[in-house]
Amino acid sequence: MAREIDKSFARTDEKEHNNLMALSANGKIRGFVFVSAALDPASILDGDKAASDIAVAASNGVKLGDMVVGVSFSLDVVDLVLRADITAADVLTVIFANNTGATVDLAAGTIRAVIALIDKT
């Protein structure tokens with residue numbers, strides 16, 4: 001059942017529950033984890049990619065099936081494609097793909113990601 005956020009001013013337990021369910025995909029999202037780490041990507045040839053594994057603190061409980069909601073790099077990615085996935089428990093894999101027509105060598109910067117913890121039950 002899809003739920004919508006109730007924007008009325010009334011405050012009831014039912015409204016709070018329904019809003020929580022709407023914001024958490026009916027309770028399937030357990031929470032969010034913010035990850036930030038220094039990263040110096042390798043030089044990437046045209047048509048190639050570079051992957052880097054970033055350890056996520058085990059206390060966050062990141063597992064396969066959790067969703068990377070967004071990822072960013074602190075510097076200009078010079079038209080590289082940037083993506084990230086959870087590839088193992090407590091491991092965020094960041095991938096820079098180069099389709100620019102030339103070799104790209106990014107300077108060291110900071111990778112940031114937001115991960116949604118998904119209830120798999």
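In this predicted model, strands S3 and S6 pair in the antiparallel sense over six bridges. One residue pair in this arrangement is Phe 73, which stands opposite Ile 111 in S6. The chain holds one helix and six strands, and these follow the order α-β-β-β-β-β-β along the sequence. The points below treat the strand pairing, the covered and exposed positions, the nonpolar patch and the salt bridge.

**Overall architecture**

- The chain has 121 residues, of which 33% count as buried.
- Among contacts with a separation of 6 or more, 72% are made by residues 24 or more positions apart.
- The chain exposes about 7500 Å² of surface, and carbon and sulfur atoms supply 55% of that area.

**Strand S6 and its partners**

- Strand S6 spans residues 109-118 and is mostly covered, with seven of its ten residues buried.
- S6 pairs with S3 in the antiparallel sense, through six bridges.
- S6 also pairs with S1, again in the antiparallel sense, and ten bridges link these two strands.
- Within the pairing of S1 and S6, Val 33 has Ile 115 of S6 as its bridge partner.

**The S4-S5 hairpin**

- Strand S4 (residues 81-88) and strand S5 (residues 91-97) run antiparallel and are joined by seven bridges.
- The two strands form a hairpin with two residues between them.
- Asp 90 lies in the turn of this hairpin and has a positive phi of about 65°.
- Asp 85 stands opposite Thr 93 in S5.

**Ser 52, a buried position in S2**

- Ser 52 belongs to strand S2, which covers residues 49-55.
- The relative accessible area of Ser 52 is 18%, and because buried means under 20%, this residue counts as buried.
- Leaving aside residues up to four places away in sequence, Ser 52 touches Leu 39, Leu 92, Thr 93 and Val 94.
- Thr 93, one of these contacts of Ser 52, is also the residue in S5 that Asp 85 stands opposite.

**Nonpolar surface patch**

- Phe 32, Phe 34, Met 67, Val 69 and Val 114 make a nonpolar surface patch of about 500 Å².
- Strand S1 (29-39) and strand S3 (67-73) are the elements that give two or more residues to this patch.
- Phe 34, one of the patch residues, has its place in strand S1.
- With a relative accessible area of 56%, Phe 34 is classed as exposed, because that class begins over 50%.

**The salt bridge**

- The structure holds one salt bridge.
- This salt bridge joins the side chains of Arg 83 and Asp 85, with an N to O distance of 2.6 Å.
- Side chains of opposite charge can pair when their charged atoms come close.
- Arg 83 is partly exposed, with a relative accessible area of 44%.
- Asp 85 likewise counts as partly exposed, at 27% relative accessibility.
- Which residue does Asp 85 stand opposite in S5? The residue is Thr 93, so Asp 85 takes part in the strand pairing as well as in the salt bridge with Arg 83.

Technical notes:
Residues are numbered from 1 along each chain as its sequence is written. This is a predicted model: local features need pLDDT of at least 70, side-chain atom pairs count only at pLDDT 80 or more; totals for chains, interfaces and linings use all residues. Side-chain values use heavy atoms; hydrogens and water are left out. A salt bridge is a side-chain nitrogen of Lys or Arg within 4 Å of a carboxyl oxygen of Asp or Glu. Buried means under 20% relative accessible area, exposed over 50%, partly exposed in between (1.4 Å probe, protein chains only). Helices (H or I, at least four residues) and strands (E, at least two) are DSSP runs, numbered from the N terminus. Contact means heavy atoms within 4.5 Å. Accessible areas come from the Shrake-Rupley method with a 1.4 Å probe; for residues, only the protein chains shown count as cover. Patches are made of residues with over 30% relative accessible area and no salt bridge: like charges are joined within 9 Å, nonpolar side chains (Val, Leu, Ile, Met, Phe, Trp, Tyr) within 5 Å. Two strands pair if DSSP finds at least two bridges between them.
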